[in-house]
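Visitor: Could you take me slowly through the way neighbouring strands are joined here, with a close look at one run of them, and then show me what surrounds that part?

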Amino acid sequence: MSRETDVVVVGGGPAGVEAALAAAAQGLRVTVLDEAPQAGGQVYRAPPHAFGGTIQRDADPIGVALRQRLAASSVVTCFEHAVWSVSPGFRVDALAPDGPASWTARAVVVATGAQERVVPFPGWTRPGVIGLAGTTIMLKSQGMLPGERTLVAGQGPLLLAVAVGILKAGGQVAGVVDLASPADWAREWRALASRPRLTARGAGWRARLLRAGVPFLYRHAVQAVEEVPGGLRVLLTRVDRHGAPTKKVAREYLVDALAVGNGLTASTDITRLLRAAHHYDALRGGWVPTLDAEFRSSLPGLYVAGDAAGLAGADAAVADGILTGLTVARDLGAMTDTAYRGAIGSLRRRARRARSFGTAMARLMAIRPAHVAAIPAETIVCRCEDVTRAEIDAARSEGAQTANQVKAWTRCGMGPCQGRICGDIVGALLAAGEAPREPVGYFTGRTPLRPLPLNLLAGDVEYTSLKLPPPAPL
Amino acid sequence: MGLRGAGIERGRPLRFFFDGTPIDAFAGESVASALLAAGVRSLRASPRAGAPRATFCWMGICQECTVVADGVRRPACRTEVRDGMIVLTGTVP
């Protein structure tokens, strides 16, 4: 079934919902599609309806308000819809629980957010090792602990959020392992001071962890994870200020779970699929679509809002989302230029303020080339296809220069995740060090954006009723 | 107490099957959560090394937790458990 609308927004997080509400308020017909059962994105992920009491009351009030405003608006929402294709023109294809669905739209807003990045180490594919952002989702939306005793490692503000979340849910935190030093955090003081509410919350979390006796290890990273009876043995090593690890094991932990993450990358599946222009911005989470000041991509009618345009955080996503919705309304003739100019002034200031905090956090989460350079040869880089660093290096020395060539040589990035997990790491390995990423490029976007059971796509086809052309004469 | 967070009011109890083994869970839980809480460590084998794999990203991106739920191949982290659901490991033979 194909439906026609003015605007399709892909992603129901803060950026997508605000863009949808702003465009709908100008009289446009807007549809929001999201994979999750409710709006909120990952940051305001809602607990399941079937859960009662405390977890609902503890849900972030910003997310609750976002869902209420969306429900009270004229925006059409389609949840549990996984978008697997967007083609120029625009046609958007999604897979819903009851089968395929498609839309034609005059404009598409991509608000697909960000996704986890982990710098690989031997053993990171073992069950029990999970993403840091993924752990926040388990805790917030499922009330589930990753393990009885969890080590929390990696980079950025998620470290504290995850460690405290585990304590609150009744779990044990073996330690918090941060690639950054206290000085790296202190360097962001100006941005931290600009958001006293968030900074105070972070300080409160840290105090709570220290009271609980949780050790903090700065300038350390995971060297390897080994399976041992009763759990996982995590070997830690010290790193220098560039993120380069020493060979020596500094400490060992016996745990049953390791939550690990090295920042986030912008989710660019759709903009890459549509061959919009992109550029590399290490401080905003890697490859990002190139936009003008009003959130237009290089492809007319295609807009990008929130972390999908480069990491800036949830507060910036709100302001940027509204601004994007207004740009769409003006471009589609639903808003006069004067009205548009009047509306954007204060929003732009708000967006700038929010972005400075988000950028400081993104800096703490930025990939450190020396960390990637030290990945041991036998380490699996592409989880889907079990491709090791040694195989990537071999392809490179045989002449593979770009991410796509490595993919063709080795199958790296060719599996069901479509290179979402390994893409940024492969780029860093090929570029080697501080070299620019542009010559290395990135994996070409391909449909389907999500694995797609073909029987669901085909529906109830009676093969005997298909009209086949007569066979060619022999 | 296991891995289910303290003080969380879950949905009604239900039971599903993972490779024939009955697993107790609660309405609203994802298949990935319910299997983790039940102590299931591996959901499939990796394609070349045959090594055990389980839920990694918890947001439907990495596809590591792919299982076959009631005949449909999909990520366990994005599949809500249902009473009597038949879930099989996601390894492609």
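Guide: Two strands are said to pair if DSSP finds at least two bridges between them, and strands are themselves DSSP runs of at least two residues, numbered from the N terminus. Please keep in mind that this is a predicted model. With that in hand, we can begin in chain A, where strand 4, residues 82-87, and strand 5, residues 91-96, pair in the antiparallel sense over 5 bridges. If you look for Val86(A), you will find that Val92(A) in strand 5 of chain A stands opposite. These two strands form a hairpin with 3 residues between them, and in the turn Gly89(A) has a positive phi of about 130 degrees.

Strand 5 of chain A also runs antiparallel to strand 6 of chain A, residues 99-110, and 6 bridges join the two. Here Arg91(A) has Thr104(A) in strand 6 of chain A as its bridge partner, and the two strands make a hairpin with 2 residues between them. In general, strands of a sheet pair through backbone hydrogen bonds, either parallel or antiparallel.

Strand 6 of chain A, residues 99-110, leads us on to the nonpolar core, since Val109(A) and Leu258(A) are the residues with the most contacts inside the largest one, which has 173 residues. Helix 10 of chain A, residues 314-331, gives this core its largest share, 10 residues. Once its neighbours within four places in sequence are left aside, Leu258(A) is in contact with several residues, among them Gly128(A), Leu151(A), Val225(A) and Val234(A). In soluble globular proteins, nonpolar side chains tend to be buried together.

Chain B offers a sheet to set beside these hairpins, for there 5 strands form an open sheet of mixed pairing in the order 2-1-7-5-6. Strand 2 and strand 6 of chain B stand at the edges, each with a single partner strand, so one side of each is left without a neighbour in the sheet. Neighbouring strands of this sheet are turned by 35 degrees against each other on average, direction ignored. Strand 1 and strand 7 of chain B run parallel and are joined by 2 bridges, with Phe17(B) having Ile86(B) as its bridge partner in strand 7.

Finally, the contact between the chains takes 42 residues from chain B and 36 residues from chain A. On the side of chain B that touches chain A, the largest share, 3 residues, comes from helix 1 of chain B, and the residues of that side divide into 19 nonpolar, 12 polar and 11 charged.

Methods. Residues are numbered from 1 along each chain as its sequence is written. Chains are lettered from A and ligands numbered from 1 in the order in which they are written. This is a predicted model: local features need pLDDT of at least 70, side-chain atom pairs count only at pLDDT 80 or more; totals for chains, interfaces and linings use all residues. Two residues are in contact if their C-beta atoms, placed from the backbone, lie within 7 Å. Helices (H or I, at least four residues) and strands (E, at least two) are DSSP runs, numbered from the N terminus. Ala, Val, Leu, Ile, Met, Phe, Trp, Tyr, Cys and Pro count as nonpolar, Asp, Glu, Lys and Arg as charged, and the others, Gly among them, as polar. Axes are lines fitted to C-alpha atoms, for helices over the stretch in contact, and angles run from 0 to 180 degrees between N-to-C directions. A nonpolar core is a set of buried Ala, Val, Leu, Ile, Met, Phe, Trp, Tyr and Cys residues joined through C-beta atoms within 7 Å. A residue is buried if 20 or more other C-beta atoms lie within 10 Å of its own, exposed if 12 or fewer, and partly exposed in between; C-beta atoms are placed from the backbone.
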